[in-house]
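Colleague: Please examine one part of the structure shown below closely, and then explain how that part relates to the rest. I should be grateful if each technical term were explained when it is introduced.

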Amino acid sequence: MISVLRFNFVQPGLEPTEMSERYRAGIEMAAYADGHGFMAVSFEEHHGAENGWSPSPLITAGMVLTRTTNVRVTIQALLVPLHDPLRIAEDVAVLDLASNGRLSAVAGLGYRPIEYRAHGKDWDGRGALMDHCLDTILKAWSGEPFEHNGATIRVTPTPKSSPQQLLFVGGRTRVAARRAARFGLPFWPVADLPDLEAYYLDQCKEHGTNGFVIMPSPDTTFTFVADDPDKAWAELGHHFLHEAQTYAGWQNNDTHSAAYSAATTVDELRAEGKYTIRTPAECVELATTDPTFVFVHHPLCGGLPVDRAWESLQVFVDDVVPAINPS
């Protein structure tokens, strides 16, 4: 069984006391899940969202890494062009060293022009900006002096892990696949796109680089656990729908990511199957019949009440994990 915790700390209304409780709960949940069958904790990055959607993933990753010893932390995705690449190189290197190699990030280009405007970045030049950032980060991690902004600099410390362990290139286009191959970095498409995977591998051969692909499953779902799914959908479904509709509103007509939902009502969302509420027995049955299934447990989804989020996570740890991993 593969289990992942996902957090984006969505809080409709942005009430500071509730938001504080939500962040603290997420850190505690990650610590609780560590060593209880969870493989990874996942964060993401957006800016200026009306519900506070995850603007500081490197900071939250650092807090989780200090509270855990086993799980990996993945940022899907880190919007690299919005940041100073030297700052990314330094921060990721320190987190890699302090966590003994448990951090990785997917370099994302982003798809919201407003985020570029807010950070004073050129939306039309985002591809060139991404190339510059990746080039700078990789040079920084080499530990060797290099030219940057008219000066010869050297960035220290360097990470323990290789760049191919630390940084993936994300995307959904051939341009993204070529970029990953050209820089010798692994590729993480936003959805199940086997043709794009094949194109990336061909590009690696052409550029003389070695690479690999991590691709979302075509049946990617977000899981909540409850003894009575019908009751839970009636009480909590609007939280799942809030998140699904927020995200759908950011997508365009190109290839949608694995997290995309087209639902406009709670009933449609439930029928679609992107967000699921399963009983412990259903989770055990699914893990038994498909050992490779990835449970993406999303306990705080869409502003879910913290106490209900804890109930879901604790039931999963108490009733599902021991049945699948009795040792």
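Modeller: The account below begins with one helix and then turns to the sheet, the salt bridges and the backbone.

The model is predicted, so local features require a pLDDT of at least 70 and side-chain atom pairs count only at pLDDT 80 or more, whereas totals for chains, interfaces and linings use all residues. Residues are numbered from 1 along each chain as its sequence is written, and side-chain values use heavy atoms, with hydrogens and water left out.

The part chosen is helix α11, which spans residues 280–289. Helices here are DSSP runs of H or I with at least four residues, strands are runs of E with at least two, and both are numbered from the N terminus. Which residues of α11 are buried? They are Pro 280, Cys 283, Val 284, Leu 286 and Ala 287. Viewed down the axis of α11, these buried residues fall within an arc of 165°, and they therefore line one face of the helix. The arc is taken from the directions that run from the helix axis to the C-beta atoms. On the other side of α11, the residues Ala 281, Glu 285, Thr 288 and Thr 289 are exposed. Buried means under 20% relative accessible area, exposed means over 50%, and partly exposed lies in between, with a 1.4 Å probe and protein chains only.

What covers the buried residues of α11? The cover includes the strands β9 (222–225), β10 (275–278) and β11 (294–297), together with helix α12 (306–324). Contact means heavy atoms within 4.5 Å.

The three strands named in that cover belong to a sheet. It is an open sheet of nine strands in the order β8-β7-β4-β3-β2-β1-β11-β9-β10, with parallel pairing. Two strands pair if DSSP finds at least two bridges between them. The edge strands are β8 (187–189) and β10, each of which pairs on one side only. Neighbouring strands are turned against each other by 30° on average, with direction ignored. Within the sheet, β1 and β11 pair in the parallel sense over four bridges. There, Ser 3 has Phe 295 in β11 as its bridge partner. Helix α11 packs on this sheet and touches β9, β10 and β11, and its direction makes about 110° with that of β10. For such angles, axes are lines fitted to C-alpha atoms, for helices over the stretch in contact, and the angles run from 0 to 180 degrees between N-to-C directions.

Salt bridges form the next topic. The structure holds twelve of them; each is a side-chain nitrogen of Lys or Arg within 4 Å of a carboxyl oxygen of Asp or Glu. One of them joins Arg 270 and Asp 230, at 2.6 Å from N to O. Arg 270 lies in helix α10 (residues 266–272) and Asp 230 in helix α9 (residues 229–248), so the pair ties together parts that are 40 residues apart in sequence. Arg 270 is partly exposed, at 38% relative accessible area.

Another salt bridge links Asp 91 with Arg 87, whose closest N and O atoms are 3.1 Å apart. Because these residues are four apart in helix α3 (residues 85–99), about one helical turn separates them. Asp 91 is partly exposed at 26% relative accessibility, and Arg 87 is partly exposed at 46%. In helix α12, which helps to cover α11, Glu 311 and Arg 308 lie three residues apart, about one turn of the helix. Their side chains meet in a salt bridge of 3.3 Å, N to O. Elsewhere, Arg 6, Glu 44 and Glu 243 are joined into one network by salt bridges that share partners.

Finally, some points concern the backbone. A cis peptide bond joins Gln 76 and Ala 77, with omega of about 15°, and Ala 77 is placed in strand β3 (residues 72–78). Another cis peptide bond joins Thr 156 and Pro 157, with omega of about -5°; Pro 157 lies in the loop between β6 (151–153) and α6 (163–166). Phe 9 is not a glycine, yet its phi is positive, at about 60°. This residue is placed in the loop between β1 (2–6) and α1 (16–33). Phe 9 is buried, at 1% relative accessible area. Asn 100 also has a positive phi of about 60° without being a glycine. Asn 100 is found in the loop between α3 and β4 (103–107), and at 52% relative accessibility this residue counts as exposed.
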